[in-house]
Each structure stands twice: as structure tokens, then as C-alpha cells.
Amino acid sequence: MIRTLFATTLGLLAFPLGGLKTAQDKPLVLQEDLSWNNWTAWKHFLVPSSADRIFEKIPWIPSFGAGILQAQKQGMPLLLWVMNGHPLGCT
Amino acid sequence: MADHGHYQAAGGTRQGIYVMAPGGRLLSSINALDPHAVQKTLEKGLAEWNRLPGEFRKLPAGLHLDLGNRWETSFPKRGLVLVSFNRDLPADNDPRSPARGGWNRDHVWFSPSEVLEFLPQDQALGPGTGRKLPRPLVDRLVRFHLVDNVNGQTLPFAEEEVQGSWIISRVEAVKDHFVFLRLAGRTMAEAKGPWLMGRNDWTPEKEWPRGIKTALLGKAVFDLRRKAFTAFELVAKGVRWGRTQVNGRRDSTPGPIGFYFNLAPDRPSDRVAPAFIDLYNAGWVPKRR
């Protein structure tokens with residue numbers, strides 16, 4: 001049964017979205033399936049570039065308290081980044 | 001400390017960048033997207049640090065800093081930790097399109113026992129064997145991670161708002177102690193309006209009808225000896241509609257959206273809990289922090 005389900009899955013991955021319309025009142029329809037033929041291309045589109053992710057090179061510490069303790073230990077000031085959407089994944 | 005910063009008053013948001021001494025003295029702060037302005041703030045903070053007498057640099061002697069009980073305490077060490085990247089897809093549906101807007105990221109957590117649920121349960125592992133993932137695992141992705149936070153903070157979906165969603169995991173090959181899997185599925189979540197998840201930090205002040213529908217394809221490699229994934233990639237492609245208060249959508253016009261999930265690196269910064277951890281459908285994460 002899994003084999004059958006999987007075999008039909010790719011055919012089902014294109015779904016018309018006729019009920020949804022764009023601002024120009026045109027139906028929003030996916031032009032093509034998500035398939036293994038275009039999977040890598042979409043992956044590369046989705047993954048941010050190295051330049052976009054350069055902030056990850058900073059050795060961020062994931063908690064304020066741990067940062068204070070490390071700054072104290074190293075005798076350095078602390079850079080604190082506070083917001084929703086900050087680099088560590090809190091959106 | 002923050003009350004003396006760029007907002008100059010107590011209350012309200014504290015978003016921004018602060019340079020401070022471990023002892024609590026504010027050295028400089030700003031809330032800006034301009035890298036040059038931020039750089040000047042950092043330089044100012046460093047200059048203030050160099051002028052700061054030593055006794056003001058450190059925590060008071062004898063003060064014990066209790067780091068408290070954080071969500072990160074539940075980090076699933078031998079589970080599956082993914083990083084997700086979410087962004088809008090091009091209107092022409094061409095992945096080669098150079099037009100790429102903003103993106104956002106999050107982490108996904110699965111416990112060690114949940115990891116085993118990705119494999120066939122009642123049959124010997126072999127090519128063609130597989131299973132539908134249990135509803136709770138699918139729900140975790142649909143409710144908390146296949147959400148429109150590309151441009152800003154958004155809301156999760158309630159369990160009742162998940163419709164007709166499924167993910168199949170199928171064994172492609174077994175080589176030594178490695179199992180090669182393919183994943184495929186469809187998801188749909190729609191919130192008609194009323195908030196269904198009770199009173200919590202996310203409870204909105206008004207109704208935000210919205211939805212997301214996706215198709216997913218992925219591949220993964222599972223190490224039977226370590227009982228862990230050594231590779232995991234999942235692409236979700238679909239459409240979103242509606243909006244929430246601060247997710248940066250001007251109106252409810254539908255648009256294409258995509259998600260990519262991958263194994264998170266082993267860095268301290270990748271131990272940050274998922275955005276909606278306080279609502280996670282995971283009994284192994286204690287709710288009160």
C-alpha cells in the first residue's frame with residue numbers, strides 16, 4: 001500500500017488553487033509540480049546565500065545570562081541583540 | 001539597563017542592539033538596519049568600555065547569576081534538530097528567477113523516540129517499505145513551521161485547523177547500517193478567524209484568517225547504529241493567504257511560498273528553541289518555563 005501511495009503522490013503534488021485569486025483577480029495556479037526534476041533548483045532558490053548568512057560566523061551565545069558570564073570570564077563587553085527575527089532563529 | 005538605551009523610557013519594546021558591561025552598565029545602544037550606524041554604535045560602546053573603571057565592568061562580588069530554566073533545556077540531544085529557511089517564491093514559478101526577497105529561519109525539534117517514527121514499524125526494512133508519519137509529527141510541521149513568517153512574526157495553527165495533511169516516508173535502499181529514505185506529502189492548514197489556542201503570549205487581539213497549502217518532497221539517511229539521521233532535506237512548496245498582525249503582509253492577497261528544512265549544525269546558536277516552543281505538541285517539553 002505504501003508503494004501505491006507513493007507512486008500516486010507525485011501526480012498529486014500539482015494542485016489547482018482555483019479558489020484563490022491574485023490581486024489581478026486571476027486564479028493562482030502552480031505552473032508545475034514539485035518533483036525530483038526541479039527539487040534541487042527549488043532547494044537552491046530557498047537556501048540563503050553565504051553572504052546572507054554571514055552573521056552565522058559570529059559565535060553567538062543563545063542566552064543573555066550565559067553571555068554575561070562568558071563576557072565576565074573573558075573581561076570583555078557584551079553585545080546583546082534583542083528582537084523578534086534575530087539571527088538565532090527566533091522569528 | 002535597557003531603559004537607559006535608545007528608547008529612553010520604561011515599558012514597550014526593547015528591540016535593538018546593546019553594548020554593555022557584564023556588570024550591567026549600558027555602554028551604547030541602537031535599533032537600526034543601517035550597518036554603518038550599527039558599526040558606530042559598537043565602536044562607541046567599545047570606547048566607553050575602555051574608559052570604564054574596572055569596578056564597574058564586572059558583576060558585583062558574591063552575586064550568583066541564576067540562568068534559570070530555559071526552553072533550551074529541552075533540546076533533544078539525540079533527536080532530530082532541523083533548521084528551516086522560509087521565503088516567498090517567484091511569481092513566475094521559475095526557480096532560476098534572480099528576484100529573491102527576504103527570508104526567515106527557525107528550528108524544528110523531534111525527540112529521539114519521535115525520530116524512530118520516521119521508519120517503518122511493523123515490517124522489515126527494505127526498499128519499498130514505508131509508512132505514513134504519525135499525525136503528531138505531521139502536525140508539528142504544519143502547525144508551527146509551515147507558517148508565513150517570511151517577513152515577520154506570525155501565528156501558529158491550531159490542531160483543528162490542520163486539514164488533510166500527510167507525509168509518507170519510504171525506504172529507497174538499505175546499505176550496511178544506513179537507511180535511505182524518501183519523503184513526500186501534502187499539507188493544508190487554514191484558520192478561519194477565531195483564535196483556538198487559549199490565552200497565551202501569542203493570543204491575538206483580533207481574528208486573522210489565513211492559510212497555507214504545500215506539497216513536500218524530501219530525502220534522508222538514517223543510521224541504524226546511532227539511531228539518528230545523518231542527512232535530512234525537505235522542500236515544501238505552496239501558497240499562502242491571509243496575514244497576521246506583524247508578519248509584514250500588507251493584505252490578504254495569496255502568494256507562493258517555500259520552505260527548506262535541513263539538519264541544523266552543531267553550534268550553540270543552533271540550540272535556540274523553535275519560535276512556538278511554548279505551544280509545541282510535545283509532551284517531552286515541559287510547558288512552564
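Modeller: A polar contact is a pair of N or O atoms within 3.5 Å, in which, within protein, one atom must be able to donate a hydrogen and the other to accept it. The model discussed here is a predicted one.

Colleague: What does the side chain of S63(A) reach, and at what distance?

Modeller: The partner is the backbone nitrogen of A66(A), at 3.1 Å. The cut-off is 3.5 Å, so a distance of 3.1 Å falls within it and the pair is counted as a polar contact.

Colleague: Where is S63(A) found, and why is S63(A) called buried?

Modeller: S63(A) belongs to the loop between helix 2 (39–46) and helix 3 (64–74) of chain A. Its relative accessible area is 13%; because buried means under 20%, the residue qualifies.

Colleague: What makes up chain A as a whole?

Modeller: Chain A has three helices and one strand, in the order α-α-α-β along the sequence. Of its 91 residues, 35% count as buried. Among its contacts between residues at least 6 apart in sequence, 16% join residues at least 24 apart.

Colleague: And what is the make-up of chain B?

Modeller: Chain B has three helices and 10 strands, and its C-alpha trace spans about 70 × 45 × 40 Å along the principal axes. Buried residues account for 54% of its 289 residues. For contacts between residues at least 6 apart in sequence, the share joining residues at least 24 apart is 64% in chain B.

Colleague: How do you know that the side chains of E233(B) and K43(A) meet in a salt bridge?

Modeller: The N to O distance is 2.6 Å. A salt bridge requires a side-chain nitrogen of Lys or Arg within 4 Å of a carboxyl oxygen of Asp or Glu, so this pair meets the rule. The count between chain A and chain B is three salt bridges. On the side of chain A that touches chain B, helix 1 (2–12), helix 2, helix 3 and strand 1 (78–82) each supply at least two residues.

Colleague: How many residues does the contact take from each chain, and how much area is buried?

Modeller: Chain A contributes 59 residues and chain B 75 residues. Together the chains bury about 6200 Å², of which 71% is on carbon and sulfur atoms. Across this interface, 11 residue pairs are in polar contact, both residues being at pLDDT 80 or more.

Colleague: Which residues make the nonpolar surface patch of about 190 Å², and what makes V174(B) eligible for it?

Modeller: The patch is formed by L125(B), V174(B) and L224(B). V174(B) lies in strand 6 (residues 166–175) of chain B and has a relative accessible area of 35%. Patch residues need over 30%, so V174(B) passes that cut-off. The value also lies between 20% and 50%, and V174(B) is therefore called partly exposed.

Colleague: N93(B) and K227(B) have positive phi values. Why is N93(B) counted as buried, and how is K227(B) classed?

Modeller: N93(B), with phi near 60°, sits in the loop between strand 3 (80–88) and strand 4 (103–110) of chain B. Its relative accessibility is 8%, under the 20% limit, so N93(B) counts as buried. K227(B), with phi near 55°, is in the loop between strand 8 (210–223) and strand 9 (228–242) of chain B. Its 48% is neither under 20% nor over 50%, so K227(B) is partly exposed.

Technical notes:
Residues are numbered from 1 along each chain as its sequence is written. Chains are lettered from A and ligands numbered from 1 in the order in which they are written. Side-chain values use heavy atoms; hydrogens and water are left out. Helices (H or I, at least four residues) and strands (E, at least two) are DSSP runs, numbered from the N terminus. Buried means under 20% relative accessible area, exposed over 50%, partly exposed in between (1.4 Å probe, protein chains only). Patches are made of residues with over 30% relative accessible area and no salt bridge: like charges are joined within 9 Å, nonpolar side chains (Val, Leu, Ile, Met, Phe, Trp, Tyr) within 5 Å. Accessible areas come from the Shrake-Rupley method with a 1.4 Å probe; for residues, only the protein chains shown count as cover. Contact means heavy atoms within 4.5 Å. Buried area is the accessible area (1.4 Å probe) that two parts lose on being put together, summed over both.
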